[in-house]
Amino acid sequence: MNRTQSFAFRLAGVAFGAALVCSSFGVLRAQAPAAQAPSASAAQADSEEDDNPFTPKPAVPLPPGMTGSTTNDPRVGLKPGLYDAGETAMGMEHLAFVKKPNAFQLSSTNPDDPAVQKSLDLIGVGNRDKIPKPMQLVIAQLAFANSDFAFQGTHLFQGNFYGVNFYDISNPAKVSLITSLVCPGGQGDVSVYGNLLFMSVEMPNGRLDCGVQGFPPLPPPEPGHEKDHRIPTASADRFRGVRVFDISDIKNPKQVAAVQTCRGSHTHTLVVDPNDKDNVYIYVSGTSFVRQSEELAGCSGEEKPEKDPNTSLFRIDVIKVPLAAPQQAKVVSSPRVFIDARTGALNGLNNGGSHDKKAEKPADTNQCHDITVYSALGLAAGACSGNGILLDIKDPVHPKRVDAVNDPNYSYWHSASFSNDGTKVVFTDEWGGGLQPRCRPTDPNKWGADAIFNLKDDKLSFASYYKMSAAQTETENCVAHNGSLIPVPGRDIEVQAWYQGGISVMDFTDPAHAYEIAYFDRGPVDANALVLGGDWSAYWYNGYIYGSEIARGLDVFKLVPSKFLTQSEIDAAKLVQVSELNVQNQQKITWPSQLTVAKAYLDQLGRSQALSSDRIADLNKAITRTQKSHLGKKDLAKLRGMAASVETSASDAKTPEDTRRLHALAQILESPTA
């Protein structure tokens with residue numbers, strides 16, 4: 001989630017303003033669609049509205065040739081509510097919901113309540129006269145918003161702007177809280193490796209000691225200086241960067257390192273070098289303001305790199321963490337991933353222009369929002385505000401850009417996922433920063449969507465867009481957000497969060513024709529005001545889908561058969577078990593050579609009509625008989641005899657996908673395992 005710096009500093013004109021560079025947990029007034037374009041006489045008023053982050057932004061007519069979300073969908077018209085909203089699903093079953101712990105909830109919904117005002121004080125919000133009371137309440141709530149997930153064994157770690165909650169998911173239908181780590185500072189994104197947990201901190205209320213007291217707010221600006229760029233007073237106690245915790249004792253995590261960075265850590269990516277068993281690396285993506293050098297030596301916020309080649313913009317940071325001595329973690333490089341290789345200019349990438357009103361003019365790219373590494377390929381995909389980039393990470397300390405793309409239909413490149421075979425990359429666009437309703441019938445389906453790119457020879461080429469299709473209301477923030485692969489063999493499937501658009505499961509096996517195969521949605525948190533809520537992340541882990549609900553807590557789902565997905569495909573996906581999952585550190589998926597996987601391939605070959613129904617029936621019958629005999633010799637021999645004809649059929653397949661499925665099926669039939 002991200003907003004512009006100008007929004008952040010206009011918001012409060014104080015220390016906390018920078019916090020909204022990374023996220024906003026807020027209430028905006030519901031907006032009615034605009035009837036017509038503004039007249040020329042309203043230009044000055046429009047300009048003033050653009051400068052006021054609290055002015056409602058009306059919907060605009062669809063641009064020529066574009067279509068919006070459909071209103072003909074079961075997700076349209078669901079009952080609103082926080083804990084009693086209407087729900088609907090297709091291809092998914094809601095198994096469990098766990099509320100946020102009390103310590104991670106604001107105790108009042110009254111903006112005048114002393115508890116709300118105290119929270120605003122603690123996170124540094126001063127000069128509140130121009131902040132509407134509903135927004136004051138939500139800014140206070142931001143300090144307790146849920147964010148991203150990490151997984152290890154039977155443990156789930158849910159980040160939050162107030163710290164991290166540790167859950168036991170040994171029984172996904174009965175998730176239980178293990179402990180809460182209170183450590184404010186947002187955004188709270190987490191990853192885990194062995195006995196270490198890493199946490200991103202970007203907001204200026206973060207303290208080295210994880211204290212909750214924050215820092216005193218700046219005094220109100222002098223008259224006439226309300227729009228001045230102001231940053232927090234330097235403090236030796238402030239922390240912005242990546243925290244490292246020892247979680248050997250899961251109930252008593254202990255901070256062992258706190259690595260400061262100039263822009264803090266909006267997100268971070270765990271990087272494991274297959275050639276280095278002694279260290280792990282952290283790629284740090286900072287999107288907030290640059291702190292002053294008085295607080296951290298060497299920091300420079302110069303926006304024109306030709307004036308200061310040491311500017312803290314136009315780079316990422318790389319932290320090296322010695323596994324035997326994590327307390328020695330430190331920044332070891334700050335790669336200039338946006339550099340122009342021909343001229344040496346640090347600002348070598350540009351968004352090329354955008355449909356977003358405030359970014360329609362070309363603007364230099366000076367930050368990455370999120371980076372997904374795929375060490376098995378030696379590549380990383382960076383979603384870097386104005387561009388999608390491809391990095392060579394074979395030397396993880398010195399990643400090098402090998403390609404970059406932009407798109408006029410993209411406003412803010414947010415996150416990325418590789419297909420398992422590395423031939424595709426899905427980038428997301430967080431148009432509106434996650435705060436606004438961007439899935440209305442008037443919002444184009446090419447905006448705030450996924451863009452699917454083919455990847456070949458380290459080059460990206462655009463294939464198509466995908467957007468959650470059901471129209472959401474004016475009071476539901478909705479745009480593309482975090483997701484992960486679902487390991488169904490023979491297909492490329494991703495589950496993805498869409499804030500109050502809920503969760504959507506997309507098949508992008510054919511990158512030119514992605515389509516939805518499952519979903520879950522709730523009604524708006526509030527029918528009359530836009531209250532930020534919904535799913536921040538939706539990830540598959542060892543057979544289940546987990547949703548990080550910003551305002552409510554934690555959801556657990558399972559897939560169920562539908563016309564788009566069979567039980568055999570679901571069973572085959574469940575065979576893939578991992579010991580850890582940090583989604584931005586993408587691991588190559590491999591499937592066991594089990595007959596359950598063969599059945600999944602047969603279902604797909606039947607769906608595409610690559611094999612006749614009679615052959616599929618014969619193969620299924622032989623597979624079932626072999627399973628019942630526990631791989632009896634006679635049954636195995638028959639399967640091997642059938643493998644040859646399946647392999648022969650691969651040469652006649654009409655699509656590359658079916659060719660691969662037939663090859664894979666033949667291999668399993670030749671040598672199945674228990």
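How many helices and strands does the secondary structure of the protein chain come to? In this predicted model, the count is 10 helices and 32 strands. With a radius of gyration of 25 Å, close to the 26 Å that the globule rule gives for 674 residues, the protein chain is as compact as a globular protein of that length. Along the principal axes, its C-alpha atoms fill a box of roughly 90 × 60 × 55 Å.

Of the 674 residues in the protein chain, 59% are buried, and among contacts with a separation of 6 or more, 64% are between residues 24 or more positions apart. The accessible surface of the protein chain is about 25,800 Å², and carbon and sulfur atoms contribute 51% of that area.

Two open sheets can be described in more detail. One has 9 strands with mixed pairing, in the order S2-S27-S26-S25-S24-S29-S30-S31-S3. Its edges are formed by strand S2 (87-90) and strand S3 (92-99), and because each has a single partner strand, one side of each is left without a neighbour in the sheet. On average, and with direction ignored, neighbouring strands of this sheet are turned by 20 degrees against each other. Within the sheet, strand S30 (residues 544-549) runs antiparallel to strand S31 (residues 553-559), and 5 bridges join them; Ser-548 stands opposite Leu-554 in S31.

The other open sheet has 5 strands in antiparallel pairing, ordered S7-S6-S5-S4-S32. Here strand S7 (176-182) and strand S32 (580-581) stand at the edges, and since each has a single partner strand, one side of each lacks a neighbour in the sheet. Strand S4 (residues 146-152) pairs with S32 over 2 bridges in the antiparallel sense, and the bridge partner of Gln-152 in S32 is Glu-580.

Some local backbone features also deserve attention. The peptide bond from Gly-186 to Gln-187 is cis, with omega near 0 degrees, and Gln-187 belongs to strand S8 (residues 187-193). Positive phi values occur at Asp-458, which is not a glycine, and at His-630, likewise a residue other than glycine. The table sets out their values.

| Residue | Phi | Loop between | Relative accessible area |
|---|---|---|---|
| Asp-458 | about 60 degrees | strand S22 (450-456) and strand S23 (459-466) | 32% (partly exposed) |
| His-630 | near 55 degrees | helix H8 (613-628) and helix H9 (633-650) | 69% (exposed) |

Asp-458 thus sits in a loop between two strands and is partly exposed, whereas His-630 is found in a loop between two helices and is exposed.

Methods. Residues numbered from 1 in each chain as written. Predicted model: local features only at pLDDT ≥ 70, side-chain atom pairs only at ≥ 80, totals over all residues. Heavy atoms only, no water. Pairing = 2+ DSSP bridges. Helix = DSSP H or I, 4+ residues; strand = E, 2+ residues; numbered from the N terminus. Axes fitted to C-alpha atoms, helices over the stretch in contact; angles between N-to-C directions. Rg over C-alpha atoms; globule rule 2.2 N^0.38 Å. Buried < 20%, exposed > 50% of the residue type's maximum accessible area, 1.4 Å probe, protein only. Contact = heavy atoms within 4.5 Å. Areas by Shrake-Rupley, 256 points an atom, 1.4 Å probe, with all protein chains shown as cover.
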